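Visitor: Could you take me on a close look at one part of this model, the second largest pocket and the helices around it? I'd like the packing spelled out contact by contact.

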Amino acid sequence: MHPEEYTSTIPRDWRMNLTSQVAEYMQNRFREEIFEGPRALPNTSIPVPLLCRADRVIAVIVQAYQHPVIVNTVRHGKTLDTVASLHYQEINIPTVVLNANGNVRLWYLPGAISHAYQKDIWNSLHSLRRPLTESLNRYRLRGWRNDRELFHQAADLKGSLDLSPAWYQQGHGPPNFHPEVSKLLKSRNAHMGARGWVNDMSEFHSLLSGTLSVIHPRMYEAGHEVLIRLNDLANRRDDADMRSILPIWSSVYNSVSIMVNRATPYHIDINGREPWLDMLVTVGEYQPLDFVIPTLELRLRYMPERTSVGWDDAN
(Lines give C-alpha, C1' and ligand atoms only; values in the text may rest on other atoms or scores of the structure.)
Protein backbone atom coordinates (compact mmCIF):
# COMPACT_ATOMS: atom_id res chain seq x y z
CA MET A 1 0.00 0.00 0.00
CA HIS A 2 1.08 3.55 -0.65
CA PRO A 3 0.54 6.42 1.80
CA GLU A 4 -2.13 7.97 -0.41
CA GLU A 5 -4.19 4.77 0.02
CA TYR A 6 -4.56 5.25 3.77
CA THR A 7 -7.96 6.89 3.89
CA SER A 8 -9.72 5.35 6.87
CA THR A 9 -10.54 7.45 9.90
CA ILE A 10 -10.24 6.49 13.55
CA PRO A 11 -13.43 6.13 15.61
CA ARG A 12 -13.67 9.02 18.06
CA ASP A 13 -13.60 6.86 21.18
CA TRP A 14 -10.37 5.04 20.29
CA ARG A 15 -7.08 5.57 22.12
CA MET A 16 -5.47 5.58 18.68
CA ASN A 17 -6.59 9.19 18.36
CA LEU A 18 -3.96 10.13 20.93
CA THR A 19 -1.41 8.04 19.03
CA SER A 20 -2.15 9.97 15.84
CA GLN A 21 -1.75 13.30 17.63
CA VAL A 22 1.54 12.25 19.22
CA ALA A 23 2.86 10.89 15.92
CA GLU A 24 2.04 14.11 14.08
CA TYR A 25 3.78 16.17 16.75
CA MET A 26 6.89 13.96 16.78
CA GLN A 27 7.16 14.03 12.99
CA ASN A 28 6.93 17.82 12.99
CA ARG A 29 9.49 18.09 15.80
CA PHE A 30 11.91 15.93 13.83
CA ARG A 31 11.48 18.09 10.72
CA GLU A 32 12.00 21.17 12.85
CA GLU A 33 15.28 19.83 14.23
CA ILE A 34 16.76 18.25 11.11
CA PHE A 35 15.37 20.29 8.24
CA GLU A 36 14.75 23.59 10.07
CA GLY A 37 11.06 23.32 9.39
CA PRO A 38 8.37 25.46 11.03
CA ARG A 39 8.02 25.31 14.78
CA ALA A 40 6.09 22.23 15.86
CA LEU A 41 2.98 23.03 17.88
CA PRO A 42 1.29 20.12 19.67
CA ASN A 43 -2.39 19.31 19.82
CA THR A 44 -3.63 20.76 23.10
CA SER A 45 -5.28 17.46 24.06
CA ILE A 46 -1.90 15.73 24.43
CA PRO A 47 -0.97 15.55 28.14
CA VAL A 48 2.03 17.75 28.99
CA PRO A 49 4.08 14.89 30.56
CA LEU A 50 3.63 12.89 27.35
CA LEU A 51 4.82 15.87 25.29
CA CYS A 52 7.97 16.08 27.41
CA ARG A 53 8.61 12.37 26.88
CA ALA A 54 8.09 12.79 23.13
CA ASP A 55 10.60 15.66 23.06
CA ARG A 56 13.14 13.46 24.86
CA VAL A 57 12.71 10.67 22.31
CA ILE A 58 13.05 13.09 19.39
CA ALA A 59 16.28 14.50 20.84
CA VAL A 60 17.78 10.98 20.90
CA ILE A 61 16.51 10.15 17.39
CA VAL A 62 18.17 13.33 16.12
CA GLN A 63 21.46 12.29 17.74
CA ALA A 64 21.21 8.86 16.12
CA TYR A 65 20.37 10.40 12.73
CA GLN A 66 23.54 12.45 12.96
CA HIS A 67 25.64 9.40 13.84
CA PRO A 68 25.22 6.81 11.04
CA VAL A 69 27.27 3.61 11.00
CA ILE A 70 27.60 1.40 7.91
CA VAL A 71 27.81 -2.38 8.37
CA ASN A 72 27.76 -5.44 6.14
CA THR A 73 25.20 -8.19 6.62
CA VAL A 74 26.65 -11.63 7.36
CA ARG A 75 23.98 -14.03 6.19
CA HIS A 76 25.65 -17.28 7.24
CA GLY A 77 27.68 -16.30 10.28
CA LYS A 78 27.85 -18.51 13.35
CA THR A 79 25.10 -17.36 15.65
CA LEU A 80 26.45 -19.29 18.64
CA ASP A 81 30.07 -18.19 18.41
CA THR A 82 30.42 -16.30 21.69
CA VAL A 83 34.16 -15.84 21.30
CA ALA A 84 33.73 -14.22 17.88
CA SER A 85 31.08 -11.87 19.28
CA LEU A 86 33.69 -10.34 21.59
CA HIS A 87 35.32 -8.85 18.50
CA TYR A 88 32.16 -7.39 17.01
CA GLN A 89 31.87 -3.63 16.72
CA GLU A 90 30.36 -2.19 19.88
CA ILE A 91 27.91 0.71 19.82
CA ASN A 92 27.03 2.62 22.97
CA ILE A 93 25.70 5.99 21.74
CA PRO A 94 22.58 6.88 19.71
CA THR A 95 23.16 5.45 16.25
CA VAL A 96 21.39 4.60 13.02
CA VAL A 97 22.90 1.50 11.40
CA LEU A 98 22.92 1.37 7.58
CA ASN A 99 23.90 -1.27 5.08
CA ALA A 100 26.23 -0.63 2.14
CA ASN A 101 23.28 0.60 0.06
CA GLY A 102 22.34 3.20 2.63
CA ASN A 103 19.23 1.36 3.84
CA VAL A 104 18.44 1.48 7.55
CA ARG A 105 19.06 -1.76 9.39
CA LEU A 106 18.67 -0.62 12.96
CA TRP A 107 18.10 2.38 15.21
CA TYR A 108 19.79 2.33 18.61
CA LEU A 109 18.33 4.92 20.99
CA PRO A 110 19.94 4.84 24.45
CA GLY A 111 18.42 7.26 26.92
CA ALA A 112 15.17 7.66 25.00
CA ILE A 113 13.11 6.78 28.06
CA SER A 114 13.86 8.44 31.38
CA HIS A 115 14.66 6.45 34.49
CA ALA A 116 11.54 7.79 36.23
CA TYR A 117 9.26 6.72 33.37
CA GLN A 118 10.96 3.32 33.30
CA LYS A 119 10.07 2.88 36.93
CA ASP A 120 6.41 3.57 36.17
CA ILE A 121 6.49 1.02 33.33
CA TRP A 122 8.16 -1.58 35.52
CA ASN A 123 5.66 -1.05 38.33
CA SER A 124 2.80 -1.55 35.88
CA LEU A 125 3.96 -5.14 35.30
CA HIS A 126 2.90 -6.14 38.80
CA SER A 127 -0.69 -6.07 37.59
CA LEU A 128 0.31 -8.98 35.31
CA ARG A 129 1.82 -11.08 38.10
CA ARG A 130 -0.71 -13.90 37.81
CA PRO A 131 -0.48 -14.49 34.03
CA LEU A 132 3.32 -14.04 34.15
CA THR A 133 3.64 -16.71 36.83
CA GLU A 134 1.32 -19.04 34.96
CA SER A 135 3.34 -18.57 31.76
CA LEU A 136 6.22 -20.47 33.35
CA ASN A 137 4.08 -23.61 33.32
CA ARG A 138 3.74 -23.54 29.52
CA TYR A 139 7.33 -24.51 28.66
CA ARG A 140 6.31 -27.54 26.60
CA LEU A 141 3.87 -25.45 24.60
CA ARG A 142 6.21 -22.57 23.73
CA GLY A 143 9.73 -24.03 23.84
CA TRP A 144 12.60 -21.85 24.96
CA ARG A 145 10.51 -18.69 25.30
CA ASN A 146 9.14 -20.03 28.59
CA ASP A 147 12.08 -22.22 29.56
CA ARG A 148 12.48 -21.80 33.33
CA GLU A 149 16.27 -22.04 32.97
CA LEU A 150 16.34 -18.73 31.09
CA PHE A 151 14.62 -16.76 33.84
CA HIS A 152 16.37 -15.10 36.77
CA GLN A 153 15.84 -17.69 39.47
CA ALA A 154 15.91 -15.21 42.37
CA ALA A 155 13.58 -12.68 40.75
CA ASP A 156 10.25 -12.00 42.44
CA LEU A 157 8.52 -11.22 39.13
CA LYS A 158 9.22 -13.21 35.98
CA GLY A 159 7.48 -14.72 32.98
CA SER A 160 6.67 -14.10 29.33
CA LEU A 161 3.42 -13.00 27.68
CA ASP A 162 2.13 -12.20 24.20
CA LEU A 163 -0.81 -9.84 23.77
CA SER A 164 -2.64 -9.06 20.55
CA PRO A 165 -6.02 -7.67 19.49
CA ALA A 166 -5.86 -9.82 16.35
CA TRP A 167 -3.54 -12.62 15.40
CA TYR A 168 -3.70 -16.01 13.76
CA GLN A 169 -3.52 -19.03 16.03
CA GLN A 170 -0.65 -21.37 15.21
CA GLY A 171 -1.52 -23.49 12.19
CA HIS A 172 -4.65 -21.45 11.51
CA GLY A 173 -3.67 -18.90 8.90
CA PRO A 174 -5.47 -17.33 5.93
CA PRO A 175 -7.53 -17.86 3.86
CA ASN A 176 -9.44 -20.48 5.85
CA PHE A 177 -9.14 -18.79 9.24
CA HIS A 178 -9.51 -15.28 10.61
CA PRO A 179 -7.41 -13.44 13.21
CA GLU A 180 -8.75 -13.39 16.75
CA VAL A 181 -7.97 -11.73 20.06
CA SER A 182 -5.23 -13.41 22.09
CA LYS A 183 -6.44 -15.42 25.08
CA LEU A 184 -5.49 -12.98 27.85
CA LEU A 185 -7.28 -10.09 26.13
CA LYS A 186 -10.59 -11.89 25.68
CA SER A 187 -13.44 -10.47 27.73
CA ARG A 188 -13.80 -13.65 29.79
CA ASN A 189 -10.23 -13.20 31.04
CA ALA A 190 -10.50 -9.56 32.10
CA HIS A 191 -9.78 -10.62 35.69
CA MET A 192 -6.25 -11.68 34.65
CA GLY A 193 -5.19 -8.04 34.36
CA ALA A 194 -3.98 -7.91 30.74
CA ARG A 195 -6.83 -5.70 29.51
CA GLY A 196 -6.27 -3.32 32.39
CA TRP A 197 -2.55 -3.19 31.63
CA VAL A 198 -3.18 -2.36 27.97
CA ASN A 199 -5.51 0.43 29.03
CA ASP A 200 -3.11 1.81 31.67
CA MET A 201 -0.14 1.78 29.26
CA SER A 202 -1.91 3.48 26.36
CA GLU A 203 0.22 6.65 26.57
CA PHE A 204 3.42 4.60 26.55
CA HIS A 205 2.36 2.71 23.44
CA SER A 206 1.33 5.97 21.79
CA LEU A 207 4.86 7.23 22.44
CA LEU A 208 6.43 4.12 20.90
CA SER A 209 4.14 4.33 17.88
CA GLY A 210 5.04 8.00 17.49
CA THR A 211 8.69 6.94 17.46
CA LEU A 212 7.95 4.50 14.62
CA SER A 213 6.15 7.26 12.70
CA VAL A 214 9.42 9.21 12.60
CA ILE A 215 11.85 6.43 11.72
CA HIS A 216 9.55 4.40 9.44
CA PRO A 217 6.48 6.46 8.39
CA ARG A 218 5.16 3.93 5.89
CA MET A 219 5.16 1.10 8.41
CA TYR A 220 3.43 3.35 10.91
CA GLU A 221 0.72 4.25 8.40
CA ALA A 222 0.26 0.61 7.36
CA GLY A 223 -0.13 -0.53 10.98
CA HIS A 224 -2.51 2.35 11.65
CA GLU A 225 -4.68 1.35 8.70
CA VAL A 226 -4.68 -2.35 9.57
CA LEU A 227 -6.07 -1.71 13.04
CA ILE A 228 -8.90 0.39 11.62
CA ARG A 229 -9.78 -2.30 9.09
CA LEU A 230 -9.79 -4.86 11.88
CA ASN A 231 -12.74 -2.95 13.28
CA ASP A 232 -14.62 -3.60 10.06
CA LEU A 233 -13.72 -7.29 10.33
CA ALA A 234 -14.90 -7.41 13.94
CA ASN A 235 -18.22 -5.86 12.97
CA ARG A 236 -18.73 -8.22 10.02
CA ARG A 237 -17.97 -11.28 12.14
CA ASP A 238 -19.75 -9.95 15.22
CA ASP A 239 -16.55 -10.45 17.23
CA ALA A 240 -17.36 -8.86 20.60
CA ASP A 241 -13.85 -9.46 21.99
CA MET A 242 -12.16 -7.65 19.13
CA ARG A 243 -14.67 -4.81 19.15
CA SER A 244 -14.04 -4.23 22.84
CA ILE A 245 -10.21 -4.36 22.81
CA LEU A 246 -9.53 -2.23 19.72
CA PRO A 247 -10.72 1.06 21.32
CA ILE A 248 -8.07 0.79 24.07
CA TRP A 249 -5.27 -0.60 21.86
CA SER A 250 -3.05 2.42 21.13
CA SER A 251 -0.12 0.75 19.35
CA VAL A 252 0.22 0.45 15.58
CA TYR A 253 1.86 -2.91 16.22
CA ASN A 254 -0.74 -5.65 16.40
CA SER A 255 1.11 -7.59 19.10
CA VAL A 256 3.19 -6.94 22.21
CA SER A 257 5.56 -9.43 23.81
CA ILE A 258 6.44 -8.94 27.48
CA MET A 259 9.55 -10.70 28.80
CA VAL A 260 10.33 -10.22 32.49
CA ASN A 261 13.69 -11.18 33.99
CA ARG A 262 14.51 -13.53 31.14
CA ALA A 263 17.68 -14.08 29.15
CA THR A 264 17.28 -14.54 25.40
CA PRO A 265 19.46 -17.10 23.56
CA TYR A 266 20.74 -16.56 20.02
CA HIS A 267 17.88 -17.04 17.59
CA ILE A 268 16.52 -15.90 14.23
CA ASP A 269 12.94 -14.73 13.86
CA ILE A 270 11.89 -16.58 10.72
CA ASN A 271 8.65 -14.61 10.46
CA GLY A 272 10.42 -11.31 9.88
CA ARG A 273 10.60 -9.54 6.53
CA GLU A 274 12.47 -6.56 5.17
CA PRO A 275 11.73 -3.76 5.61
CA TRP A 276 9.68 -4.44 8.76
CA LEU A 277 10.84 -3.04 12.07
CA ASP A 278 10.60 -4.63 15.49
CA MET A 279 10.91 -2.47 18.58
CA LEU A 280 12.70 -3.57 21.74
CA VAL A 281 12.46 -1.53 24.95
CA THR A 282 14.29 -2.45 28.16
CA VAL A 283 13.32 -1.18 31.60
CA GLY A 284 14.41 -1.90 35.15
CA GLU A 285 17.65 -2.22 37.07
CA TYR A 286 20.28 -4.74 36.01
CA GLN A 287 23.98 -5.03 35.29
CA PRO A 288 25.30 -3.86 31.89
CA LEU A 289 24.89 -6.48 29.20
CA ASP A 290 25.38 -6.74 25.44
CA PHE A 291 22.71 -7.26 22.82
CA VAL A 292 24.59 -9.29 20.19
CA ILE A 293 23.51 -9.30 16.53
CA PRO A 294 25.68 -11.85 14.67
CA THR A 295 24.17 -11.11 11.25
CA LEU A 296 25.42 -7.51 11.57
CA GLU A 297 28.48 -8.35 13.68
CA LEU A 298 27.39 -5.77 16.24
CA ARG A 299 27.22 -5.53 20.02
CA LEU A 300 24.86 -2.95 21.49
CA ARG A 301 25.32 -1.91 25.10
CA TYR A 302 22.18 -3.37 26.61
CA MET A 303 21.50 -1.20 29.63
CA PRO A 304 18.44 0.38 31.26
CA GLU A 305 16.95 3.33 29.38
CA ARG A 306 17.94 1.82 26.02
CA THR A 307 15.61 1.38 23.09
CA SER A 308 16.50 -0.53 19.93
CA VAL A 309 14.53 -0.62 16.72
CA GLY A 310 15.71 -2.86 13.91
CA TRP A 311 14.90 -4.97 10.92
CA ASP A 312 13.26 -8.17 12.04
CA ASP A 313 15.70 -10.37 10.13
CA ALA A 314 18.69 -8.68 11.81
CA ASN A 315 18.03 -10.55 15.07
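**The second largest pocket and its helices**

Guide: Sure, and keep in mind that this is a predicted model. The second largest pocket holds about 170 Å³ of space. Its lining is made up of Gln27, Phe30, Arg31, Phe35, Ile61, Tyr65, Trp107, Ser213, Val214, Ile215 and Pro217. Elements giving two or more residues to that lining are α1, α2 (48–65) and α8. Sorted by class, the lining has eight nonpolar, two polar and one charged residues.

Now for how those helices sit against each other, pair by pair. Start with α1 (residues 16–34) and α8 (residues 202–215): they pack at an angle of about 40°, and their axes are 8 Å apart. That angle makes α1 oblique to α8. The crossing of α1 past α8 is right-handed. On the α1 side, the contact uses Leu18, Thr19, Val22, Ala23, Met26, Gln27 and Phe30, and these meet Glu203, Ser206, Leu207, Ser209, Gly210, Thr211, Ser213 and Val214 of α8. By class that contact is a mix, with seven nonpolar, seven polar and one charged residues. Gln27 and Phe30 from this contact turn up in the pocket lining too, along with Ser213 and Val214.

Next, α2 against α8. Here the axes come within 10 Å and cross at roughly 35°, and α2 passes α8 in a right-handed crossing. From α2 you get Leu50, Arg53, Ala54, Val57, Ile58 and Ile61, while α8 brings Glu203, Leu207, Thr211, Val214 and Ile215. The class split for this contact is eight nonpolar, one polar and two charged. Ile61, Val214 and Ile215 are in this contact and also line the pocket.

That leaves α1 with α2. Their axes come within 10 Å and cross at roughly 40°, so the two helices are oblique to each other. Again, α1 passes α2 in a right-handed crossing. Leu18, Val22, Tyr25, Met26, Arg29, Phe30, Glu33 and Ile34 of α1 meet Leu50, Leu51, Ala54, Asp55, Val57, Ile58, Ile61, Val62 and Tyr65 of α2. This contact has 14 nonpolar residues, no polar ones and three charged ones. Phe30, Ile61 and Tyr65 belong to it and to the pocket lining as well.

Methods: Residues numbered from 1 in each chain as written. Predicted model: local features only at pLDDT ≥ 70, side-chain atom pairs only at ≥ 80, totals over all residues. Heavy atoms only, no water. Axes fitted to C-alpha atoms, helices over the stretch in contact; angles between N-to-C directions. Helix = DSSP H or I, 4+ residues; strand = E, 2+ residues; numbered from the N terminus. Parallel < 35°, antiparallel > 145°, perpendicular 65-115°, else oblique. Left-handed = near helix turned anticlockwise from the far one by under 90°. Contact = heavy atoms within 4.5 Å. Nonpolar A, V, L, I, M, F, W, Y, C, P; charged D, E, K, R; others polar. 1 Å grid on protein atoms, 1.4 Å probe; cavity = no way out; pocket = protein on both sides within 12 Å on 5 of 7 lines; lining within 4 Å. Points joined across faces, edges and corners; volume = space filled by probe spheres on them.
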